[in-house]
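Look over the sequence and the model below. The report that follows moves from the whole chain to its sheet, its cores and its salt bridges.

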Amino acid sequence: MYRTDWKTWYLPMNRKVRKKLGGVSWFRNLVRALRQRYVRLKYRIPHVHPTASLYPRQQFLSADLVAHEYTFLAQNCHVGANVELGRYVMLGPSVLIVGGDHEINRPGIPMIFAGRSEVATKTIVEADVWIGANAIVMAGVRIGRGSVVAAGAVVTKDIEPYSIVAGVPAKKIKDRFDTEEERRRHDEMLDQPPESGEVCTLRA
């Protein structure tokens, strides 16, 4: 009985307080900054910009990850070695960016004991790219700026800027912008110093 009574007054009050405090921009920004600092310390990722937003749980991130301004990683992402994310990049839930492969050419040694190869070529996701949920990006590819990778796609080769790709393996299905003028305007924006804004985030 006590537990039920406690819920009836505490939970509605807690929601009201959180809603009110969430409307105070300085408080919201402070909480976000503290949470992201905790995430960077937790995953030991010193090369991630302070403005990046990383889901605080269920991540696997290589310590050499480089992430620029206002990147966003949803929950359960797996980012292997030698990866660089440009500014404004968004990774949906459960995105996998592959690291080094298992050694398969060592006769007499089970593959599980043979170790993993070094990633010779950096995987680069350029600025303002959105990679949808459960997509897989193979090591060493470059995804051009402004591109969109559909959910569940498998990217095995480089993608041209401002492309929308989908499928297994991923293939271009259309351009993001209809005209060269739209593309030029977007290029000009991306070439400017990074802009601050309200980052879209998932609810925990």
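## The chain as a whole

Of the 204 residues in this chain, 35% count as buried. The model is predicted. Its accessible surface comes to about 12,900 Å². Carbon and sulfur atoms hold 56% of that surface.

The secondary structure consists of three helices and 16 strands. Now take the contacts in the chain with a separation of 6 or more. Residues 24 or more positions apart account for 26% of them.

## An open parallel sheet

Four strands build an open sheet. Their order is β3-β6-β9-β12, and the pairing is parallel. The edge strands are β3, residues 66-67, and β12, residues 142-143. Each of these two pairs on one side only.

Look at one edge. Strands β3 and β6 run parallel and are joined by two bridges. Strand β6 covers residues 83-85. Which residue in β6 is the bridge partner of Ala67? The partner is Leu85.

## Two nonpolar cores

Leu85 also appears in the largest nonpolar core, which has 29 residues. Six members touch the most other members: Leu73, Leu85, Leu91, Ile131, Ile143 and Val149. Another core lies apart from this one. That core has five residues, among them Tyr70, Tyr88, Tyr162 and Leu190.

What does Leu85 contact, leaving aside its neighbours within four places in sequence? The contacts include Leu65, Val66, Ala67 and His68. Thr71, Leu73 and Leu91 are also in contact with Leu85. Ile97 and Val125 complete the list. Two names come back here: Ala67 is the bridge partner of Leu85, and Leu73 is among the core members that touch the most others.

## Salt bridges across the chain

The count of salt bridges comes to ten. One of them joins the side chains of Glu84 and Lys122, at 3.4 Å from N to O. This pair links distant parts of the chain, 38 residues apart. Glu84 is in strand β6, while Lys122 is in the loop between β8 (96-97) and β9 (123-125). Are these two residues buried or partly exposed? Glu84 is partly exposed, with a relative accessible area of 21%. Lys122 is also partly exposed, at 32% relative accessibility.

Next come Glu126 and Arg142, whose side chains meet in a salt bridge at 2.6 Å, N to O. Glu126 lies in the loop between β9 and β10 (130-131), and Arg142 lies in strand β12, so the pair ties together parts 16 residues apart in sequence. Arg142 is partly exposed, with a relative accessible area of 37%.

## A buried partner and a network

A further salt bridge joins the side chains of Arg176 and Asp128, at 2.8 Å from N to O. The two residues are 48 residues apart and link distant parts of the chain. Arg176 sits in the loop between β16 (171-175) and α3 (180-191). Asp128 sits in the loop between β9 and β10.

Why does Asp128 count as buried? Its relative accessibility is 17%, and buried means under 20%, so Asp128 falls in that class. Its partner Arg176 has a relative accessible area of 28%, so Arg176 is partly exposed.

Salt bridges can also form a network. Arg145, Asp187 and Asp191 are linked in this way.

Conventions. Residues numbered from 1 in each chain as written. Predicted model: local features only at pLDDT ≥ 70, side-chain atom pairs only at ≥ 80, totals over all residues. Heavy atoms only, no water. Pairing = 2+ DSSP bridges. Core = buried A, V, L, I, M, F, W, Y, C linked by side-chain atoms within 4.5 Å. Buried < 20%, exposed > 50% of the residue type's maximum accessible area, 1.4 Å probe, protein only. Contact = heavy atoms within 4.5 Å. Areas by Shrake-Rupley, 256 points an atom, 1.4 Å probe, with all protein chains shown as cover. Salt bridge = Lys/Arg side-chain N within 4 Å of Asp/Glu carboxyl O.
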